[in-house]
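Open the model in your viewer and keep the selection panel handy. We'll go stop by stop, picking something new each time.

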There are 2 protein chains.
Amino acid sequence: MPYTKICINLNPFSFDFNLLKPHIALLSEWGFYFMAKKRVSIKDIAKALGVSITTVSFIINGKAREQRISDEVTQKVKKYIKEVGYKPSHIAQSLRLGKSKIIVFMAEDISNQFFASIARFIEERAYKSGYKIIYCSTDNNFEKAKELISTFKRRNVDGFIITPTPNIEESIHDLIEEEFPVVLFDRWLPEVNCSYVIVENKESAYEATQHLIEEGCKNLAFVTVESDQTQMMDRSSGFTEAVKESDVNAFEFRLKFHNLSEVGPYEELLDFFKSKKEIDGVFFATNYLAFEGLQALDTLQRSIPHDVKVVSFDDHYFFNLYKPKITAIEQPLELLSEKLMETMLSHLDELNLGYSPVRLVLPNKLNKRESTEN
Amino acid sequence: MPYTKICINLNPFSFDFNLLKPHIALLSEWGFYFMAKKRVSIKDIAKALGVSITTVSFIINGKAREQRISDEVTQKVKKYIKEVGYKPSHIAQSLRLGKSKIIVFMAEDISNQFFASIARFIEERAYKSGYKIIYCSTDNNFEKAKELISTFKRRNVDGFIITPTPNIEESIHDLIEEEFPVVLFDRWLPEVNCSYVIVENKESAYEATQHLIEEGCKNLAFVTVESDQTQMMDRSSGFTEAVKESDVNAFEFRLKFHNLSEVGPYEELLDFFKSKKEIDGVFFATNYLAFEGLQALDTLQRSIPHDVKVVSFDDHYFFNLYKPKITAIEQPLELLSEKLMETMLSHLDELNLGYSPVRLVLPNKLNKRESTEN
DNA sequence: CAAGTATGCTAAAAGGTTTTATCTAAAATT
DNA sequence: AATTTTAGATAAAACCTTTTAGCATACTTG
């Protein structure tokens, strides 16, 4: 909201607009333009009403009684504020109070359904508490995340909700050292003493794998991406553990990291399934992999669940729509978001009280679907 | 980033930490805590280097030469800044300059794939230009949107990107009057002279309907929601026009607005399709409706594309994955976001130059898929 | 009646920038 | 020699709040 530097302050009670008209006309001819409405500040209110800034501020902040401002003055000020529609400048408050009431939400990719859903829940909760959310996507790229963290520090954001990228430990550590509230999610950093909210990756992977085994699979595949982040490691070890406990064969297939220009995961998976004809059960470590894998299996005419049984981590609307329906591990999105914000807000409340991290691991739900064979 | 009020400023060049140790120990015993690192301000730099704040500011902002600051001083300051890792406070800058470098993205629902994708593209573009994005979801609710706009005004956001809700005209009008840059998308407001970026709803609906007719459909259904917003009206009129030009029957089915608690669209659609057995072609006005409709058709055992041919507005990853693949109108998400930000940034540049709205209507792409009958 | 307390309000500092106007000393021009 | 220009820097205002400390005046209290 820009306004010209030449600014005529008008007392709305004592001014005759007609006096001004010829001057405005002249100014307009000179190429100036006239701002009818300058944003009114606390100072303007004080001046207009002949009281001090302090008084107005106290009244605005509900401290009138406490500060022994007379009812008469209080009413006068309140009335005027309503009249001119005054709203305090959030920026000035931020500067004064050192709080911006902004939380940053650093997702891996905000357009991904999982993160977008969480974004929605978080937004809801944050706005209720007077916080706004700035989002950004790290692409799981360390450099980018580091850069983002640094620019957000400058913005005096009040807290960080982050899906940590690889190698980000030091930046997170610094953040905590500087007393920024930080909550990680989806994955965590064993080397950093930081709050996080994650799900039972290992347990659910174990359960899902067992499910495949119970369904009679003998040759299991675990399809994942090249990553040593906790969520992937845990899913992997859940799978491995379940496999060890029974006498089935297991294959682990790690997709290379993909740039969009390279050959896609679909082709890679096609090759993989072609080369392992014996596979009769697949565990996809993410739903994205599952979507690609399902296409590959379809191309190869392996029917689900007859020839191959499939389970995916991270449920999706489509797994229920797809024919056949696909069994998947559902993460408790709403609860997760709820806990994320709860943790964040409690950290924000307890600033100065020292840092005691909260670590939450939430249970998932295995939605078994292949029995519902339509 | 809080710090205690008792703050000992240390000149990092001339202080011996050992001198301080016993005092810190004592303070700690008293319950104080010690901040190793206070955020350094421009003032600290000036004091430490024995120059004025102005000088430092000029150097930081690349105006050293212009303001005839000697190279000697410039180098000294720059070196020191690098040493202490000084970064200007964005809040203070915002206050001073009246710009927050924040754009707000008001979507109908940020967790919806369409909006989430746009959010991602917009983010990319914004960050490149030094802007951050705050998002929020209006739920297409007028009250909520109005409230959000008002709180964002206080935040001195620099611009608004909005999917307008019904009845929001006045708020948008006020926003423009107050010289906030505003760009609408997905739909627009005929009564407000405001920039927007939308797609060719009518043209594409016409084309898609024609496609159904060409494929031999004789009894067409148009499935939409109760809404008089432009995007829906245009899709509807595109359908109607195509129908009029040929001799097919047409049914328009408008779903009631749903609260989550009510009976779902699935049941409603089931009833609809049951009652109109002659329908052999369906145009869904949104992909959400299509997903629900596909399930209903599946339940009724109407095979696609044999018994019924289907087209949906707004393409989706899943339409390509579904069996059979579903024909859909693909909106140019990336281009749309690109134009959205381009418009916004140009408005931000041209502030003060008066308001000349930009109106863009982008073409879609009809992805015909039922021929690919796998 | 002196001392203390309650009442009603305000001045001024602080928070961190940017920018305008100004200042001094030296150099260049009359 | 007197005047103007330039180089090199700076003081202070402005952006808009919140909050601490304090100032009169009027009322209690011992």
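**Stop one: DNA strand D**

Select DNA strand D and then everything around it: 29 residues surround the strand, and the closest are A:K63, A:Y86, A:R96, B:T55 and B:S70. A residue counts as near a molecule or strand if one of its heavy atoms lies within 4 Å of it. Before going on, some housekeeping: this is a predicted model, where local features need pLDDT of at least 70, side-chain atom pairs count only at pLDDT 80 or more, and totals for chains, interfaces and linings use all residues. Residues are numbered from 1 along each chain as its sequence is written, chains are lettered from A and ligands numbered from 1 in the order in which they are written, and side-chain values use heavy atoms, leaving out hydrogens and water.

Which part of the strand faces the protein? Of the atoms of DNA strand D within 4 Å of the protein, 53% belong to sugar or phosphate, and the rest belong to bases.

Now zoom in on some side chains of chain A. Pick A:Y86, where a polar side-chain atom sits 2.7 Å from a phosphate oxygen of DNA strand D. A:Q93 also has a polar side-chain atom by a phosphate oxygen of the strand, at 2.9 Å. For a base instead, click A:T54: an N or O atom in its side chain is 3.4 Å from a base oxygen of DNA strand D. (A polar contact here is a pair of N or O atoms within 3.5 Å.)

Next, colour helix 3 (53-60) and helix 5 (90-97) in both chain A and chain B; these are the elements that give two or more residues to the surface near DNA strand D. Helices are DSSP runs (H or I, at least four residues), numbered from the N terminus. By class, that surface has 13 nonpolar, 11 polar and five charged residues.

**Stop two: the two copies**

Superpose chain B on chain A: a rotation of 180° with 0.1 Å of shift along its axis does the job, at an RMSD of 0.1 Å. (The fit is by least squares on the C-alpha atoms of residues with pLDDT of at least 70 in both.) That is the relation of a two-fold axis. Both copies use the same surface, as 98% of the contact residues of chain B recur in chain A, with contact meaning heavy atoms within 4.5 Å.

To find the axis, select B:I134; of the residues of chain B, its C-alpha comes closest to the rotation axis, at 2.2 Å.

Technical notes: Polar contact = N/O pair within 3.5 Å; in protein donor to acceptor, adjacent residues only side chain to side chain. Nonpolar A, V, L, I, M, F, W, Y, C, P; charged D, E, K, R; others polar.
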